[in-house]
2 protein chains.
Amino acid sequence: MNLNIPDTRQHVLAQRLDDGLQIVAIEVAEEFDVSVDTIRRDILALEAAGKAHRVRGGAMPVTCPTSPLHVRLAAGGTIKPALVQATIEQIGAASTLLLDGGATTLALIDKLPRLDRRLVITPSPWIAIACQERDIDTFMLGGRLSAPGGMAVGDVAVGKTMGVAADIAVLGACGIEAEFGLSSDDFAEAQMKQAMHAAARRTIVVTDGAKLGRRARHHTLGLQQIDLIITDAEQNLTDPIARAGTNVVTVWSHN
Amino acid sequence: MNLNIPDTRQHVLAQRLDDGLQIVAIEVAEEFDVSVDTIRRDILALEAAGKAHRVRGGAMPVTCPTSPLHVRLAAGGTIKPALVQATIEQIGAASTLLLDGGATTLALIDKLPRLDRRLVITPSPWIAIACQERDIDTFMLGGRLSAPGGMAVGDVAVGKTMGVAADIAVLGACGIEAEFGLSSDDFAEAQMKQAMHAAARRTIVVTDGAKLGRRARHHTLGLQQIDLIITDAEQNLTDPIARAGTNVVTVWSHN
DNA sequence: CAACATTATGCAGGGTTTTGCATGAATCTG
DNA sequence: CAGATTCATGCAAAACCCTGCATAATGTTG
């Protein structure tokens with residue numbers, strides 16, 4: 001016979017809530033062989049601890065977790081799902097991915113199918129944590145943390161990247177334009193992107209339409225070095241790039 | 001029938017706890033044919049030794065430390081502010097800090113005074129992000145990401161750690177005990193802690209009282225390698241360590 | 001062996017936590 | 001609006017914990 005005390009019951013209930021399950025007081029009362037009042041008190045305690053959202057008849061998972069990552073991910077909600085979806089399709093079953101930092105690539109992780117032998121290599125602590133939460137094997141590149149992009153940069157990181165061989169590098173962009181190619185605001189991040197390109201067989205740039213036609217401070221990659229650009233820009237913006245010979249996948253927001 | 005003395009009973013009970021079983025005082029009392037009071041005293045002893053988590057009606061295994069870091073953080077475990085404060089004081093104005101991963105060290109960042117030439121070196125993406133948000137210069141050690149600890153581990157990470165020189169290494173603990181020293185549940189994490197100790201002039205271990213008297217799977221550092229232990233444990237737990245010659249700072253929760 | 005110290009155990013009391021129930025208010029449903 | 005369900009509150013019983021004390025078992029010393 002198990003211990004049937006508030007602590008254990010509440011622990012079990014909290015776990016269920018974390019898994020996204022609802023709690024029906026009457027059912028749980030029967031399950032634990034206690035009165036509904038007792039379960040009600042348990043739920044009351046869980047609510048006081050911020051672990052449950054009390055509703056009539058039981059409890060629901062609390063909607064907003066406090067983890068800093070989720071805050072950021074929530075902020076990344078502005079990333080177009082279609083952009084993410086198109087990128088996932090392009091990635092396919094590639095087993096070794098090099099993922100750039102940035103809100104766009106971060107949004108990818110949530111939807112990335114979990115393959116058995118898939119490895120994500122990234123200079124971004126954000127991506128690293130997101131991968132962990134999804135139980136994806138991760139290799140984190142080290143180096144000095146660059147404030148603008150929130151990713152590890154510097155010679156150290158670049159040199160180490162050279163030692164790996166990835167199937168696909170997925171890069172974000174600060175700017176991309178027909179003549180100037182892919183450009184970045186931070187020099188160190190530009191270096192990092194170059195290294196990631198060099199270490200991968202295939203380079204994909206995914207970016208929202210606002211970056212097209214823009215030139216950021218530091219030239220990073222020429223268009224001919226980019227295998228594919230995925231964007232949601234208007235056709236008049238993508239045309240000059242497509243004419244330069246680079247493949248472009250354009251997604252349309254539902255309208 | 002075996003001897004029915006405290007030693008043997010407690011040994012049996014400890015084993016059951018190690019197997020993840022709960023202990024119900026009344027049942028065990030019947031089983032050993034002693035009064036409930038005696039079993040209560042046994043559990044009391046086990047708790048003092050850090051081998052049991054005493055609850056109403058019996059005892060439970062000490063909190064299973066194998067759940068990944070992001071789960072533990074989401075569970076809302078709280079770090080004692082006094083513990084953080086004491087550690088901050090010990091760190092003082094040290095300019096290069098080597099910070100272990102873990103919930104305790106993560107809580108440090110929030111309160112860490114921002115010095116001009118301070119640099120935080122860490123294998124933990126969590127810490128890296130927290131530092132970045134507080135505008136603290138950060139160097140991230142790269143490597144394979146370990147799920148349980150939420151930090152970079154492995155040959156690459158150890159190698160990079162060897163290449164740095166820090167003033168103070170602040171380590172967390174899975175277990176710390178007078179004879180066995182500092183121990184970890186994960187071998188790769190144990191390696192990282194050893195490397196961090198080697199790379200710093202001074203090694204501080206900060207841990208809550210629950211870890212004292214506990215032996216985790218892998219021996220990591222001997223007590224003599226640790227310059228200071230900061231904890232909130234009861235004196236009967238810290239005494240054996242202090243007698244072994246290691247400095248111990250004990251903080252008191254409001255009581 | 002005797003006397004003493006130490007440890008282990010059971011028991012009684014008083015206090016705290018937990019639980020189930022009763023009552024009336026609040027909320028949902030048709 | 002009537003009926004049913006659920007909730008809040010207070011209360012008393014039960015279970016459990018803590019403390020101190022007496023007793024028995026065991027070990028130690030002279």
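**Close-up views of a predicted protein–DNA model**

**View 1. A salt-bridge network joins E177(A), E179(A) and R215(A).** The model is predicted. Within this network, E177(A) pairs with R215(A), and their closest N and O atoms are 3.1 Å apart. The two residues come from distant parts of the chain. E177(A) sits in strand β10 (residues 175–177) of chain A. R215(A) sits in the loop between β12 (200–207) and β13 (218–221) of chain A. They are 38 residues apart. E177(A) is buried, with a relative accessible area of 17%. R215(A) is partly exposed, at 45% relative accessibility.

**View 2. In chain B, R215(B) forms a salt bridge with E177(B).** The closest N and O atoms of this pair are 3.1 Å apart. Here too, distant parts of the chain are linked. R215(B) belongs to the loop between β12 (200–207) and β13 (218–221) of chain B. E177(B) belongs to strand β10 (residues 175–177) of chain B. The separation is 38 residues. R215(B) is partly exposed at 46% relative accessibility. E177(B) is buried at 17%.

**View 3. K193(A) and D100(A) form a salt bridge.** Their closest N and O atoms lie 2.4 Å apart. K193(A) is in helix α9 (residues 187–199) of chain A, and D100(A) is in the loop between β4 (96–99) and α6 (103–111) of chain A, so the bridge ties together parts 93 residues apart in sequence. K193(A) is buried, with a relative accessible area of 3%. D100(A) is buried at 0% relative accessibility. Over all chains, the count of salt bridges comes to 17.

**View 4. D167(A) reaches the backbone of S95(A).** D167(A) is part of strand β9 (residues 166–171) of chain A. The side chain of D167(A) lies 3.1 Å from the backbone nitrogen of S95(A). D167(A) counts as buried because its relative accessibility, 17%, is under 20%. Beyond its neighbours within four places in sequence, D167(A) contacts A94(A), S95(A) and T96(A). A200(A), R201(A) and R202(A) are also in contact with D167(A).

**View 5. Residues of chains A and B surround DNA strand C.** There are 18 residues around the strand. T38(A), R41(A), R9(B), T38(B) and R41(B) come nearest. Of the atoms of DNA strand C within 4 Å of the protein, 59% belong to sugar and phosphate. By class, the surface near the strand has four nonpolar, six polar and eight charged residues.

**View 6. Polar side-chain atoms of R41(A), R9(B) and T38(B) approach DNA strand C.** For R41(A), the partner is a base nitrogen, 2.6 Å away. For R9(B), the partner is a phosphate oxygen at 2.7 Å. T38(B) also has a phosphate oxygen as its partner, at 2.5 Å. The elements giving two or more residues to the surface near the strand are α1 (6–18) and α3 (36–48) of chain A, with α1 (6–18) and α3 (36–48) of chain B.

**View 7. V120(A) and V120(B) touch the most other members of the largest nonpolar core.** This core holds 54 residues. Beyond its neighbours within four places in sequence, V120(A) contacts L97(A), L99(A), L112(A), I127(A) and C131(A), among others. I136(A), D137(A), T138(A) and F139(A) are contacts of V120(A) as well. A second, separate core has 38 residues, including V153(B), L182(B), M192(B) and A195(B). In soluble globular proteins, nonpolar side chains tend to be buried together.

Terms used. Residues numbered from 1 in each chain as written. Chains lettered and ligands numbered in written order. Predicted model: local features only at pLDDT ≥ 70, side-chain atom pairs only at ≥ 80, totals over all residues. Heavy atoms only, no water. Helix = DSSP H or I, 4+ residues; strand = E, 2+ residues; numbered from the N terminus. Buried < 20%, exposed > 50% of the residue type's maximum accessible area, 1.4 Å probe, protein only. Polar contact = N/O pair within 3.5 Å; in protein donor to acceptor, adjacent residues only side chain to side chain. Contact = heavy atoms within 4.5 Å. Near = heavy atom within 4 Å. Nonpolar A, V, L, I, M, F, W, Y, C, P; charged D, E, K, R; others polar. Core = buried A, V, L, I, M, F, W, Y, C linked by side-chain atoms within 4.5 Å. Salt bridge = Lys/Arg side-chain N within 4 Å of Asp/Glu carboxyl O.
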